[in-house]
Amino acid sequence: TLEGLPEGLAVVVHETAGQDLTWPVWARFASFAEHKDLGDVAALQATRGLDRDDVREVYIRYAKALIAVGGGAGADARAGMRTEFVALANPYTDDLSGGFPVQLWLGDAPRADEQVEMFAEAPDGTVTVTLHRTDAEGIARLPVMPGYRYMIDAVTLEAVEPVAETDPEWRTLWANMTFAVPE
């Protein structure tokens, strides 16, 4: 419930703890990396002298939810997460006919030419998934529709040096944002 919150745009921020994941089948890891546009993981794996058996990853999600309380007026801003989206418009109050602009960050730098995956849930519950790219300033303009709910994500892959055999070889950082566009 949102009782007791002041009227405006509520920005809920959450960073998950690292979650370990093992990919026992190389083809599934490679397919995931291709879908998320993470580069040539086969070459990266080989360059690092790692085998393709039981690829170990730790993933961390950096999530924001934009929620309208009352009229929902207000603006998003950087929250200081390792990677994050920043809404450059308010999906509840602004004209989004030219798209919903978001900027993707990693540390203190915008992420240029990165893939953004958008899940759009229509009022009837059907979900459509589309891929978009950020520009040189890390900005993507996402086509949105009134009455829909959205989730966007972008993933960064980082090498991790395993010490023990069961340590992760890779870390994925997931920037995530959810929001709705009112009718």
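Two strands are said to pair if DSSP finds at least two bridges between them. The legends below describe close-up views of a predicted model.

**View A. Strand β3 and its antiparallel partners, β1 and β2.** Strand β2 (residues 19-23) pairs with β3 in the antiparallel sense over 5 bridges. Within this pairing, Thr 22 stands opposite Arg 56 of β3. Strand β1 (residues 8-15) also runs antiparallel to β3, to which it is joined by 8 bridges. One bridge partnership here is that of Val 12 with Ala 65 in β3.

**View B. Strand β3 and its parallel partner, β11.** Strand β11 (residues 170-180) and β3 pair over 9 bridges, in the parallel sense. Glu 57 stands opposite Trp 170, a residue of β11. Strand β3 is itself mostly covered, as 11 of its 15 residues are buried. In a regular strand, side chains alternate between the two faces of the sheet.

**View C. Lys 64, a buried residue of strand β3.** Lys 64 is found in β3. Its relative accessible area is 2%, so Lys 64 counts as buried, the cut-off being under 20%. The side chain of Lys 64 takes part in two kinds of approach shown here. One is to another side chain, that of Asp 76, through a polar contact of 3.0 Å. The other is to the backbone, where the Lys 64 side chain reaches the oxygen of Phe 85 at 3.0 Å.

**View D. Asp 76 in the loop between β3 and β4.** Asp 76 is found in the loop that lies between β3 (55-69) and β4 (83-87). Although placed in a loop, Asp 76 counts as buried because its relative accessibility is 11%, and the term applies under 20%. The side chain of Asp 76 makes a polar contact with the side chain of Lys 64 (3.0 Å). The Asp 76 side chain also reaches the backbone nitrogen of Ala 87, at 2.8 Å.

**View E. The contacts of Asp 76 beyond its sequence neighbours.** Neighbours within four places in sequence are left aside in this view. Asp 76 is then in contact with Leu 9 and Val 11, with Lys 64 and Leu 66, with Phe 85, Val 86 and Ala 87, and with Met 177. Among these residues, Lys 64 meets the Asp 76 side chain through a polar contact of 3.0 Å, and Ala 87 offers its backbone nitrogen at 2.8 Å. Phe 85, also in contact with Asp 76, has its backbone oxygen reached by the side chain of Lys 64 at 3.0 Å.

Conventions. Residues numbered from 1 in each chain as written. Predicted model: local features only at pLDDT ≥ 70, side-chain atom pairs only at ≥ 80, totals over all residues. Heavy atoms only, no water. Helix = DSSP H or I, 4+ residues; strand = E, 2+ residues; numbered from the N terminus. Buried < 20%, exposed > 50% of the residue type's maximum accessible area, 1.4 Å probe, protein only. Polar contact = N/O pair within 3.5 Å; in protein donor to acceptor, adjacent residues only side chain to side chain. Contact = heavy atoms within 4.5 Å.
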